[in-house]
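Open the model in a viewer and set it to a cartoon view with side chains available on demand. The stops below say what to select at each point and what is found there.

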Amino acid sequence: MISRKSIDSVIESSRIDDIVRDYVDLKPRGSNLIGLCPFHKEKTPSFYVSPSKNIYKCFGCGKGGHPVQFIMEAEQLTFPEAIRQLAKKYQIQLEETHRPDDYSTENKELESLHILNQFALEHFKSNLWKDPVGRAVALGYLKQRGYNESTIEKFELGFALDANDALLNEANQNGFKEEFLQKLGLVTPYHKDFFRNRLMFPIHNSTGKPIAFAGRILSSEAKIAKYINSPETELYQKSKTLYGLHLAKKSIRDKNQCILVEGYTDVISLHQAGIENVVASSGTSLTEEQIQAIKRITPNVLILYDGDAAGIKAATRGVDLILQENLNVRIAVIPDNDDPDSFIQKKGTTAFENLLTEHALDFILFKLNSQLQGIQNDPVKKSIVIQDIVRSISIIPDPIRRSIYIKETSSITKVDEQSLIEVCNKFLNDLKKQRAIQEKRKALDHDEQILKEQSDTLTQPGKQMTSVLGLDEFQEKDICRVLILYGHLWYNEQEGISYASYIISNIADTLPYFENEFYKQFILDISSQISEGQLPDINYFLSHSNKLIAELALDFSINKYEYSSNWSDKLGIYLHTQNEPDQNFYADVHQSILRFKLKKYNKAISDFESKFKSNELSEEELEIELKSHQHIINERNLIAGMLRTVIIQ
């Protein structure tokens with residue numbers, strides 16, 4: 001168990017903007033930063049980062065929190081794993097004791113899988129560098145291919161021995177469970193190592209943790225698969241993984257371009273040649289999730305595949321998916337049936353860089369050049385090719401880009417531009433119909449899910465639905481907002497009065513009239529903490545074990561819209577009637593209290609009048625209630641005057 005002191009140290013040292021930049025290309029917007037959310041697919045940025053408050057919030061999917069929560073969500077880590085990862089990043093020494101009894105089985109298993117993958121990686125590396133066969137066969141092969149030792153170490157390459165149980169035996173000796181080895185695909189159900197006599201390529205997640213492996217045979221004569229991969233697991237989803245992304249992120253961001261290649265060795269060779277903004281699609285067809293991962297870092301993609309027919313086909317296969325995300329696509333193929341690896345070995349880095357700058361084509365030119373060759377005199381085939389190109393153009397969301405590409409296609413093919421526009425519009429209409437059907441299905445699925453959740457909620461005893469706010473609940477929620485944001489600040493430091501104690505003392509007489517029990521209990525809990533000498537701040541609420549409280553704090557902590565500094569910085573226009581929003585909390589607190597009390601006093605007056613008309617009260621009760629009623633009316637009128645609100649009798 002990690003000590004509370006160490007956890008607090010990690011949380012205080014972690015900077016949300018520093019961490020998120022490893023996953024998302026962030027742009028300034030006022031005092032916040034904004035980018036594409038790494039947790040759901042989106043075309044317009046709705047992911048906000050507040051460096052000053054050290055939190056993030058997506059207004060699209062609703063996810064948000066502090067740095068530890070971001071790492072947990074991004075890497076699917078447990079809380080202790082996320083703390084350890086951040087501690088390593090910020091070079092913080094952790095104090096650890098025994099693991100708590102309530103540490104969940106799920107958390108234990110995920111942590112075990114991560115540890116076991118790292119163990120397997122070290123095992124394969126040791127085989128490569130220390131085992132006589134590994135050094136002679138695998139390391140010799142890599143050096144023969146031209147890889148130097150620093151490159152081999154950088155990609156943590158290894159070797160699986162030609163033995164049935166080399167990994168299994170070592171894992172058993174170190175106390176690892178075979179069932180976890182089988183879950184990761186490292187050991188078969190027949191108690192044998194899955195990878196045997198193969199060069200090993202570890203596959204990492206975006207932060208560099210090993211999540212899977214690919215094994216390559218070293219003999220060209222063997223009649224078995226050249227590559228085999230780990231199965232999909234809780235840690236590894238092939239469609240979401242880009243090989244080499246953990247090493248390429250910084251270079252992709254710096255060069256504002258991602259080079260996409262086919263294979264593992266292509267990535268390694270380019271890195272060794274000094275070209276590091278490169279990733280591979282892990283031996284699969286390009287997927288939407290992989291494109292989204294690239295899009296969050298750069299809008300520019302260069303597809304680089306082999307120059308043979310299969311390579312050209314592979315290069316064009318993923319173009320439509322990339323265009324659909326409104327990315328800029330260029331394509332280059334390696335000539336003379338080479339691949340990036342062999343081309344660099346033969347021609348060198350300079351020739352390769354010239355290939356990227358001088359021979360990479362826009363996807364329209366690439367498709368036209370690769371598909372129109374030899375069919376100029378066949379009008380039917382030419383028509384099919386042009387329609388295929390126009391169909392790709394129709395996928396592009398930006399109408400201006402579509403128009404430019406239509407003009408370019410018309411100029412090259414000598415086909416009337418208006419005809420191409422008509423074909424493009426037809427494809428666009430078809431796409432709209434398909435999307436409308438998909439959206440309708442999503443809406444129906446969403447409605448079904450909502451109905452199910454509501455049904456489940458209503459059938460759970462003692463559970464209240466608090467998602468829909470009544471009129472009074474809005475003010476109740478607003479009081480919670482000021483308590484969360486400003487409660488820890490001093491209202492009168494000399495007398496030791498915090499804003500939390502000031503607010504609660506001012507609204508204590510209205511608590512019986514609360515509509516939402518959750519907000520009422522929230523305020524009572526804060527009151528209890530204050531009486532015990534505690535003064536919770538925003539970080540306390542963001543990390544609260546009650547998810548409703550954590551979500552409430554997050555919603556209050558970061559706003560999608562804010563007062564722009566451009567008014568003062570660029571236009572010389574300043575606020576004269578009040579402070580800037582973040583410095584205006586004193587008035588904010590007082591206004592919230594007054595609005596809240598006015599609402600509650602009106603409710604108390606209305607309740608009394610209902611009782612009076614119904615003759616529910618005895619004479620004695622009526623006399624007491626009348627005195628209280630008059631006091632509430634006087635207080636209500638006083639507050640209405642402060643708020644300049646007209647009371648209609």
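## The whole chain

With everything selected, the protein exposes about 34400 Å², and carbon and sulfur atoms supply 50% of that area. This is a predicted model. The protein has 28 helices and 16 strands. Of its 649 residues, 44% count as buried. Take the contacts between residues at least 6 apart in sequence: 65% of them join residues at least 24 apart.

## Stop 1: strands E2 to E5

Select residues 47–50, which are strand E3. Phe47 and Val49 point one way from E3, Tyr48 and Ser50 point the other way, and all are buried. In general, side chains of a regular strand alternate between the two faces of the sheet.

Add residues 32–35, strand E2, which pairs with E3 in the antiparallel sense over 3 bridges. To find the register, look at Leu33, which stands opposite Val49 in E3.

Now add residues 55–58, strand E4. E4 runs antiparallel to E3 and is joined to E3 by 4 bridges. Two pairs can be labelled here: Ser50 stands opposite Ile55 in E4, and Tyr48 has Lys57 as its bridge partner. E3 and E4 form a hairpin with 4 residues between them. In that turn, select Asn54, whose phi is positive at about 60 degrees. For comparison, most residues other than glycine have a negative phi.

Show the side chains of E4. Ile55 and Lys57 point one way and Tyr56 and Cys58 the other way; all are buried. Which residue of E5 stands opposite Lys57? Select Gly64: that is the residue of E5 opposite Lys57. Strand E5 covers residues 64–65 and runs antiparallel to E4, with 2 bridges joining them. The hairpin of E4 and E5 has 5 residues between the strands, and Gly62 there takes a positive phi near 90 degrees.

## Stop 2: the open sheet E6-E7-E8-E9

Move along the chain to Glu156, in the loop between helix H7 (149–154) and strand E6 (158–160). Glu156 has a phi near 55 degrees, a positive value in a residue other than glycine.

From this loop, follow the chain into E6 and select the sheet. Its 4 strands form an open sheet in the order E6-E7-E8-E9, with antiparallel pairing. The edge strands are E6 and E9 (227–229), each pairing on one side only. From one strand to the next, the twist averages 35 degrees.

Zoom in on E6 and E7 (residues 198–204), which pair in the antiparallel sense over 3 bridges. Ala160 has Arg198 in E7 as its bridge partner. Keep the sheet on screen and add helix H11, which packs on the sheet and touches E7, E8 (210–216) and E9. The direction of H11 makes about 75 degrees with that of E7.

## Stop 3: helix H11 and its partner H15

On the way to the helix, pause at Asn256, found in the loop between helix H10 (245–255) and strand E10 (258–261). Asn256 has a positive phi of about 55 degrees although it is not a glycine. Is this residue buried or partly exposed? Asn256 counts as partly exposed because its relative accessibility is 36%, and the partly exposed range lies between 20% and 50%.

Next, select residues 264–272, helix H11. The helix is mostly covered: 8 of its 9 residues are buried. The buried residues are Tyr264, Thr265, Asp266, Val267, Ile268, Ser269, Leu270 and His271. Just after the helix, Gly274 takes a positive phi of about 95 degrees.

Add helix H15, residues 340–347. The packing of two helices is described by the angle between their axes and the distance between the axes. The axes of H11 and H15 come within 8 Å and cross at roughly 35 degrees. To see the contact, show Thr265, Asp266, Ser269 and Leu270 in H11, which meet Pro340, Asp341 and Ile344 in H15. The residues of this contact divide into 3 nonpolar, 2 polar and 2 charged.

To end, show H11 with both of its partners from this tour: the sheet, where H11 touches E7, E8 and E9, and helix H15, whose axis comes within 8 Å of that of H11.

Conventions. Residues are numbered from 1 along each chain as its sequence is written. This is a predicted model: local features need pLDDT of at least 70, side-chain atom pairs count only at pLDDT 80 or more; totals for chains, interfaces and linings use all residues. Side-chain values use heavy atoms; hydrogens and water are left out. Buried means under 20% relative accessible area, exposed over 50%, partly exposed in between (1.4 Å probe, protein chains only). Contact means heavy atoms within 4.5 Å. Accessible areas come from the Shrake-Rupley method with a 1.4 Å probe; for residues, only the protein chains shown count as cover. Axes are lines fitted to C-alpha atoms, for helices over the stretch in contact, and angles run from 0 to 180 degrees between N-to-C directions. Ala, Val, Leu, Ile, Met, Phe, Trp, Tyr, Cys and Pro count as nonpolar, Asp, Glu, Lys and Arg as charged, and the others, Gly among them, as polar. Two strands pair if DSSP finds at least two bridges between them.
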